[in-house]
Amino acid sequence: MTTERRLRLPGIAFGGDYNPEQWPEEVWAEDMALMREAGVTMVSVGIFSWALLEPSEGVHDFARTDRILDLLHENGIAADLATPTAAPPAWFFKAHPDALPVDRDGRTLSYGSRQTFCPSSPAYRTAALRIAGALAERYADHPAVAMWHVHNEYGCHNAECFCDTSAAAFRRWLKTKYGDDLNALNHAWGTTFWSQWYYDWEEIIPPRATGADPNPTHRLDWRRFCSDELLSLYTAEREVLRRAAPDLPVTTNFMVMHNFDALDYWRWAPELDIVSNDHYLRSTDPQSETDIALCGDLVRSLAGGRPWLLMEHSTGAVNWQPVNRAKGPGEMRRNALAHVAHGADGIAYFQWRAAKAGAEQWHSAMLPHAGTDSRIWQEVVRLGADLRALAEVRGSTNPARVAVVWDWNARWALELPCQPSGELRFQDLVRDWYTPLWKAGVAVDFVRPDAPDLDRYQLVLVPSLYLVDEGGAAGLAAFVEGGGTLAVGFHSGAVDENCHVRLGGYPGAFRAILGVHGDEPFPLLPGESVGLAGQVPKDATADLWTEHIRLTGAEAVAAYADGPLAGVPAITRHAYGSGTAWYVATHPDPATLATVLGRVREEAGVRPEREVPAGVEVVRRRGAGADYLFLIDHTGRGAEIPADGVELLTGKPVVGSVTLPAGGVAVVREPVGGPGGE
């Protein structure tokens, strides 16, 4: 959060999306009373209210919003006031049918849900800025408004539009990127392949459906353009709001979660006064607590290490998965406090009151269909009390000595067609490496490949970095040369920023620092595995990927025990400059990977925050005068954890150890730099 524009609310913010327009006005008074009972301090208002705010083009009706904001202010509840631009009204599309999005196959999609607009549509931009400006002019000085909320989940449903308007915008973006030099584009895209050379900018179109596989650089630049095009919409609305209310913070809700990769959030995050995120669990994920931690650490890192806001989560089941699992007793509380542990200074849900109509009527809410006579409501009230007890944690940060490299460009490139293996998924590969650190209680930051301050970390992990430019590769090399410890995963460094293969052998940009030379990947078929032998557990195996490498200075830590590459190094260690670089040229089973990364971490001098039993999550936040040790039991058994200080959720002193209840949470205030917290 910037000094100039920060959220001026005490403690940890608590609330959710509030949609009173969906209910009779007599319900609103009950909402206020129940919000006070639950300890709600801020709600997001007006996210999907465009049709009511502007019933016809240029005609506005603010009477309902006036009453809602006044009512919130009277009850001491702040408003995160949204621009409703994620869902244009039907009249807009009747007047501007050319603003509807077109899919890759050339089909024009219809309105009737949300985000059914072309991001490049001039008519949409004009209408969006008009309604944003009208809201800003009317409510810039309203005492309830604490923050602006622009749009909702940019790119969730319309990250790509393949219409002619988008094609023209894409060409303008390319001209800027390549300095109006068509030859530079042709060389970057490798258009001598398959007779794709362009002689006129007008020949360039989006990567629409074709009979064969697309040009990878064409597709990669398209993903970059789509992210930037939506970002330009956000910044345009933001500037309208800032002109009216220069001191109010502006945010939009990111979607850093398992199933969304449309936007390059490294480019987006600096444009937000406060970084906020929506996060939902997968019903099929047996360890969803790991995903909460990973995404929380990534959002905190996007925020520059500063606290952030959880803008949406679910109290129970969602409504958009094949089977929508309800949360068990205590799970909502553990989820919420885990987000706080990983840097959130606000917890909010979709939504306040469960809808009785519409596409999300079966999505859980803070106030369920069953009302206050429900387990969810009781847990919501308890969570409000918990967050009040944790008020002093606000503003504290998460110290980390390990960095994990994350890059959306590398993710997009890795998952393009025609890879050696179509089974590679960037987020899964990163999570495989993140999980043993999380289980060990090791704090992690995420960094972009070209991060300028890597020397503040002792260990940098690169689980998957298929694409890397010269600057990123040089920065990682300098980190090792200067004494750092680096570990790199397979198929990294293979291509440059234009998706061109780095010639001379694998792993491309990292051959020298890793001290290995590869000449051929040997990906494994689904269900296929090989054994590993050497300084690894006795029954070590690997799947998904192997490759033929030879040592050019590195030592072999493990080799393939069988299969077509029996005897070939699989895991290596190399002294480079004053540091050490490891290469994991395969995909070890989880226990083996944990063992290897444990050794890497120990050699780098990185210790866990606190020794705790398996299944207990431990995270540290650091304030100006105290550390806050978060302990979360995911086993259902509870534990006794060494600690001294005060347990904030109960207010009880802690001497020697704290009792962590079964399936519960404890937060201990300790002196700065207590055990494990240097």
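This report walks through a predicted model of one protein chain, from its overall build to a few backbone details.

**Overall build**

The protein chain carries 17 helices and 28 strands. Its radius of gyration is 26 Å, which agrees with the value near 26 Å that a compact globule of 678 residues would have. The C-alpha trace spans about 75 × 75 × 45 Å along its principal axes. Of the 678 residues, 61% are buried. Among contacts with a separation of 6 or more, 72% join residues that are 24 or more positions apart in the chain.

Turning to the surface, the accessible area of the protein chain is about 25,500 Å², and carbon and sulfur atoms hold 52% of that. The chain has 60 positive and 87 negative charges, and the mean positions of these two sets are 3 Å apart.

**The nine-stranded sheet**

In what order do the nine strands of the open sheet run? They follow β5-β4-β3-β2-β1-β9-β8-β7-β6, with parallel pairing. At the edges sit β5 (250-251) and β6 (253-254), each of which pairs on one side only. As background, strands of a sheet pair through backbone hydrogen bonds, either parallel or antiparallel.

For a closer look at one pairing, take strand β8 (residues 308-312), which runs parallel to β9 and is joined to β9 by two bridges. Trp308 has Ala344 of β9 as its bridge partner.

**Helix α1 and what covers it**

Helix α1 covers residues 26-38, and its buried residues are Val27, Trp28, Asp31, Met32, Leu34, Met35 and Ala38. An α-helix has 3.6 residues a turn, so residues three or four places apart point the same way. The cover over the buried residues of α1 includes two strands, β1 (13-18) and β2 (42-45), along with the helices α3 (63-74) and α12 (375-389). Just after α1 comes Gly39, with a positive phi of about 85 degrees.

**A second parallel pair**

Strand β10 (residues 402-405) pairs with β11 in the parallel sense, over four bridges. One of the matched pairs is Ala403 with Asp445 of β11. Which way do the residues of strand β11 (residues 444-447) point? Val444 and Phe446 point one way, Asp445 and Val447 the other way, and all of these are buried.

**Backbone details worth a look**

Most residues other than glycine have a negative phi, and most peptide bonds are trans. The table lists four places where the backbone of this model departs from that pattern.

| Site | Backbone feature | Value |
|---|---|---|
| Phe350 to Gln351 | cis peptide bond | omega near -5 degrees |
| Tyr506 to Pro507 | cis peptide bond | omega near 0 degrees |
| Glu153 | positive phi | about 50 degrees |
| Trp194 | positive phi | about 55 degrees |

Where do these sites fall? Gln351 is in the loop between β9 (344-349) and α12, and Pro507 is in the loop between β13 (485-489) and α16 (511-514). Glu153 lies in the loop between β4 (145-149) and α6 (164-177), while Trp194 belongs to the loop between α7 (182-189) and α8 (216-244).

Is Glu153 buried or exposed? Its relative accessible area is 4%, so Glu153 counts as buried, the cut-off being under 20%. Trp194 has 53% relative accessibility and therefore counts as exposed, for which the cut-off is over 50%.

Note on methods
Residues are numbered from 1 along each chain as its sequence is written. This is a predicted model: local features need pLDDT of at least 70, side-chain atom pairs count only at pLDDT 80 or more; totals for chains, interfaces and linings use all residues. Side-chain values use heavy atoms; hydrogens and water are left out. The radius of gyration is taken over C-alpha atoms; the globule rule is 2.2 Å times the number of residues to the power 0.38. Buried means under 20% relative accessible area, exposed over 50%, partly exposed in between (1.4 Å probe, protein chains only). Contact means heavy atoms within 4.5 Å. Accessible areas come from the Shrake-Rupley method with a 1.4 Å probe; for residues, only the protein chains shown count as cover. Lys and Arg count as positive and Asp and Glu as negative; His and the chain ends are not counted. The place of a charge is taken as NZ of Lys, CZ of Arg, CG of Asp or CD of Glu. Two strands pair if DSSP finds at least two bridges between them.
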